[in-house]
Amino acid sequence: MKVVLAIMEIEQKALFIIFGGTGDLAKRKLYPSLFQLYKKGILKDNFAIIGTARRPWSDEHLQEVVKEAIEGDEAAVSLGAEFASHFYYQSHNVNDTEHYVTLRKLAEKLDEKYQIEGNRLFYLAMSPRFFGTIAQHLKSQKIVTTKGYNRVIVEKPFGRDFESAKDLNDSISKYFPEEDFFRIDHYLGKEMIQNIMALRFSNNLFRAVWNNRYIDNIQITLSEALGVEERAGYYETAGALRDMVQNHILQIISLLTMNMPASYSESDIRREKIYALKSLKKYSAVKVAENFVRAQYSAGDGQIGYLQENEIANDSTTETFVAGKLFVNNENFSGVPIYIRTGKRLTKKTTRIDISFKEMETSFFDSKKLGRNILTINVEPEGKVFLQTNIKKIGQGFDLVPSLMELQLNNENVVVPEAYEKLLLDALLGDATNFAHWEEVAYAWKFVDSIRKAWDDGNGNLAEYPCGSMGPRESEELLERDGHQWVFDGE
Ligand SMILES: NC(=O)C1=CN([C@@H]2O[C@H](COP(=O)(O)OP(=O)(O)OC[C@H]3O[C@@H](n4cnc5c(N)ncnc54)[C@H](OP(=O)(O)O)[C@@H]3O)[C@@H](O)[C@H]2O)C=CC1
Ligand SMILES: O=C1O[C@H](COP(=O)(O)O)[C@@H](O)[C@H](O)[C@H]1O
């Protein structure tokens, strides 16, 4: 642990070039996260950030935008102006080669001014259709340096199916090798998602029972109270399956079901995650209809339905909810149903994993009285882990009552860093463990494509659910057919 902290405390020298520097992601996530790294002294004197996009902003305007982005942070009062002074703006159309020449000159000037030693991080926070052309120009216009490192970080969506993801991947990997290519999945930066490996592999108790002999079923819920908001254009091309299942949910499944890696290293962890994703059971089209539910929100709870949202066609069939039953057919998990669900405009924002253990065959108790052991990883909002057990009811006799044990995770009173902060630091350190490797992305798309194709070919109806509910009835039935129910009922 000491070694890791020591590395993290070292000041990093880097020039960030953020493509999409005027965008929503930059303002809401990237600038505040970079400020956290500045507060911690990881970014100190030897760094600069170029924000670039088409808008004709000035350095001063970008610096004002950055100050606004961090104004909620108390430390911004004393440190905000100095931090913002490291930001520069370059008006730039990514399709225009001439602009890369200006960008290179600015990058060289800042490299010298801040003594950055050629380390560059290119953050592509804009539509993926531009990624190939940006990567190509970075190379041809010599914005990649020969001295330090050159890393490219790309945002989602990484394609809309396997073929387009492969094209996208090829268009970047022509210029950036895999070790410099960081595909963001911000769920992998969440503290509680990273805790899955810690729970599984550092506790003999859990290690021993983490398999199909003891686990009955796994339930993963990524529910949101928000609707489609301002992202109709993107969401209509994606839907919940591509937006949440292909990336976040399948990444969580890989962490839950992979075999124990040989070591805590990028390559060993990746190998096991890839193997888990490769082991996902594929369904025939008919089986997709049986094992997956798709639905769209309708008006309810004072909210309008999806079809009434701005810029959504009134005959749109885009799903805003998906539930499904999956299997990872590796040696430890074959036969364990993994129920997933995600949707917009559900009861509340919750990200949780419920691991339900098998009922016990015993003559010591009347087995009907025994509640199942359930391990709940509440990623959000609580960031806690709970274990449901059975204990004796106080008093005469020997009745049992369920009891909830809370595993104390944050006993150091530290502020949990935001996912983007951790991932930006990982990228600075050149550690891609918490980023998605191409083969993970590829297997995830192959799985998702088979579901999408079955739907597109008419297998499986689009159900409806009212805003404020936990999805359509069909989602409950998916579990009821197996004699189960969702552990999380939305309360
Ligand atoms: N916002 C979010 O919460 C999340 C976003 N993402 C992903 O991050 C990426 C960015 O999203 P977001 O910030 O929301 O999108 P925005 O639409 O807010 O930003 C897009 C950016 O691209 C710039 N841009 C567009 N066309 C060009 C061009 N031809 N040349 C140069 N710059 C251009 C825009 O600036 P200008 O108009 O000034 O040129 C703007 O800065 C997307 O891939 C998105 O899917 C992923 C997860 C969450
Ligand atoms: O990637 C995405 O994630 C968000 C949900 O992220 P969270 O960290 O708030 O759980 C989702 O709203 C968005 O549609 C999707 O693109």
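Two strands count as paired if DSSP finds at least two bridges between them. Keep that in mind as we walk through this predicted model.

**Stop 1: the two domains.** Colour residues 4–155 as domain 1, then 188–417 together with 437–480 as domain 2. Their centres, taken over C-alpha atoms, are 35 Å apart. Now select 17–195, which an unreviewed UniProt entry annotates as "domain: Glucose-6-phosphate dehydrogenase NAD-binding". Helix makes up 45% of this span and strand 16%, and 31 Å lie between its end C-alpha atoms.

**Stop 2: the nine-stranded sheet.** Next, show the strands of the open sheet, whose order is S14-S13-S12-S11-S7-S10-S9-S8-S15, with mixed pairing. Strand S14 (400–407) and strand S15 (462–466) form the edges, each pairing on one side only. As you look across the sheet, neighbouring strands are turned against each other by 20° on average, direction ignored.

**Stop 3: a strand pair up close.** Zoom in on residues 292–298, strand S8, and residues 321–326, strand S9. The two run antiparallel and are joined by four bridges. Which residue of S9 stands opposite Val293? Pick Ala323 and you have found the partner.

**Stop 4: helices on the sheet.** Select helix H10, residues 232–257. Helix H10 lies across four strands: S7 (215–223), S9, S10 (338–343) and S11 (350–357). Its direction makes an angle of about 145° with S10. Then add helix H14, residues 438–456, which lies across S8 and S9 and runs at about 70° to S8.

**Stop 5: the largest core.** Show side chains for Phe19, Phe122, Ile218, Ile220, Leu250 and Phe292. Within the largest nonpolar core, of 113 residues, these touch the most other members. H10 supplies the largest share of this core, with twelve residues. Why does this core lie between the domains? Both domain 1 (4–155) and domain 2 (188–417 + 437–480) give residues to the core, so it lies between them.

**Stop 6: around Phe292.** Centre the view on Phe292 and leave aside its neighbours within four places in sequence. Its contacts then include Val322, Ala323, Gly324, Lys325 and Leu326. Tyr283, Ile340, Phe447, Ile451 and Trp455 are also in contact with Phe292.

**Last stop: another core.** Apart from the largest core lies another, of 42 residues. To find your way there, select Tyr31, Leu37, Ile70 and Tyr89, which are among its members.

Note on methods
Residues numbered from 1 in each chain as written. Chains lettered and ligands numbered in written order. Predicted model: local features only at pLDDT ≥ 70, side-chain atom pairs only at ≥ 80, totals over all residues. Heavy atoms only, no water. UniProt positions renumbered as here; feature names shortened; annotations may be inferred. Axes fitted to C-alpha atoms, helices over the stretch in contact; angles between N-to-C directions. Contact = heavy atoms within 4.5 Å. Domains from an automatic or database assignment. Core = buried A, V, L, I, M, F, W, Y, C linked by side-chain atoms within 4.5 Å. Buried < 20%, exposed > 50% of the residue type's maximum accessible area, 1.4 Å probe, protein only.
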